[in-house]
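Got the viewer open? Switch to a cartoon view, keep the selection tool handy, and we'll walk through the model stop by stop.

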Amino acid sequence: MGFYNSVILPRLCHLAMRNRRLLPYRERVIGSAEGRVLEIGVGSGLNLPFYRAPAREVLGLEPDPWLITKARSTAGRRQKSAVFVGGSAEAIPLDDRSIDTVVTTWTLCTIPDASRALGEMRRVLRPAGRLLFVEHGLAPDAGVRWWQDWLTPAWRRISGGCHLNRPIQAMIESSGFRVDRIETGYMPGPKPMSFMYEGSARPD
């Protein structure tokens, strides 16, 4: 399981994130980033092509060395400037109030202590900064929620710790953020895996 968790799973997740149905979400969320940007779980750099001029500096936080290598390659091919930081979202190695925008795309589902990670995101954000997010999580329909709860224990073991049933908006709001925009709904695909939360929040 050690080899599977440390080597195979990151590669499988990398392939899953290439789903073309995710592109509109990336375009909207990443395209809104401004100033000094911290991307949580930059992975292999799939978001890098979507950053626009208002994002003057991009820092990519990623705990997996293999994925950092892939992200550097992506940045080079796309001629995108980015600095990659090895580390965990639960202990972000940056100063307080040093970031204008934090970006998280399909990462809160896998972070073991997501509440602590959100607290760290709030810590590094400037008072007027924004958290931009798109995540999958707990659905509003009781039948879908039942499947999410039933599937999550096994799903976590085969998908790098991914939880299908995390209440994304409630998690963000309980971590010292005020959600100022949110859109929710199912994207095409199996409903337990496809209820999306997209929006922005500010430190409260």
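Here is a short tour of the sheet, some helices and a couple of single residues.

Before you click, know that this is a predicted model, where local features need pLDDT of at least 70, side-chain atom pairs count only at pLDDT 80 or more, and totals for chains, interfaces and linings use all residues. Residues are numbered from 1 along each chain as its sequence is written, and side-chain values use heavy atoms, with hydrogens and water left out.

**Stop one: the sheet**

Start with the strands. Helices (H or I, at least four residues) and strands (E, at least two) are DSSP runs, numbered from the N terminus. Seven strands make an open sheet with mixed pairing, in the order S3-S2-S1-S4-S5-S7-S6; two strands pair if DSSP finds at least two bridges between them. Select 83–86 and 177–186 to light up the edge strands, S3 and S6, each of which pairs on one side only. On average, neighbouring strands here are turned by 15 degrees against each other, direction ignored. For such angles, axes are lines fitted to C-alpha atoms, for helices over the stretch in contact, and angles run from 0 to 180 degrees between N-to-C directions.

**Stop two: S1, S4 and S5**

Now pick residues 35–40 and 99–105: these are S1 and S4, which run parallel and are joined by four bridges. Click Ile 40 and look across to its bridge partner in S4, Thr 104. S4 also runs parallel to S5, this time with six bridges, and Thr 101 stands opposite Arg 130 in S5.

How many of the 12 residues of S5 are buried? Nine are, so S5 is largely enclosed by the rest of the structure. Buried means under 20% relative accessible area, exposed over 50%, and partly exposed in between (1.4 Å probe, protein chains only).

Next, select Pro 127, which lies in S5. Is it buried or exposed? Pro 127 counts as exposed because its relative accessibility is 54%. Leaving aside residues up to four places away in sequence, Pro 127 touches Arg 97 and Pro 203; contact means heavy atoms within 4.5 Å. Pro 127 and Asp 204 are 77 residues apart in sequence, yet 8.5 Å apart in space, C-alpha to C-alpha.

**Stop three: Glu 62**

Move to S2, residues 55–62, where you'll find Glu 62. With 6% relative accessibility, Glu 62 counts as buried. Beyond residues up to four places away in sequence, Glu 62 has contacts including Gly 41, Leu 67 and Val 85.

**Stop four: helix H4**

Select 114–124. This is H4, which packs on the sheet and touches S1, S4, S5, S6 and S7, its direction making about 145 degrees with that of S5. Show side chains for the buried residues of H4: Ala 114, Ala 117, Leu 118, Glu 120, Met 121 and Val 124. They cover an arc of only 155 degrees around the axis, so they sit on the same side of H4; the arc is that of the directions from the helix axis to the C-beta atoms.

**Stop five: helix H5**

Finish with residues 142–158, helix H5. Look for a kink of about 50 degrees at Thr 152, shortly before Pro 153; the bend at a residue is the angle between axes fitted to the seven residues ending there and the seven starting there. Val 144, Gln 148 and Thr 152 are buried in H5, and S6 is included in what covers the buried residues of H5. Just past H5, click Gly 160, whose phi is positive, near 70 degrees.

Definitions and conventions:
Expected span 1.5 Å × (residues − 1).
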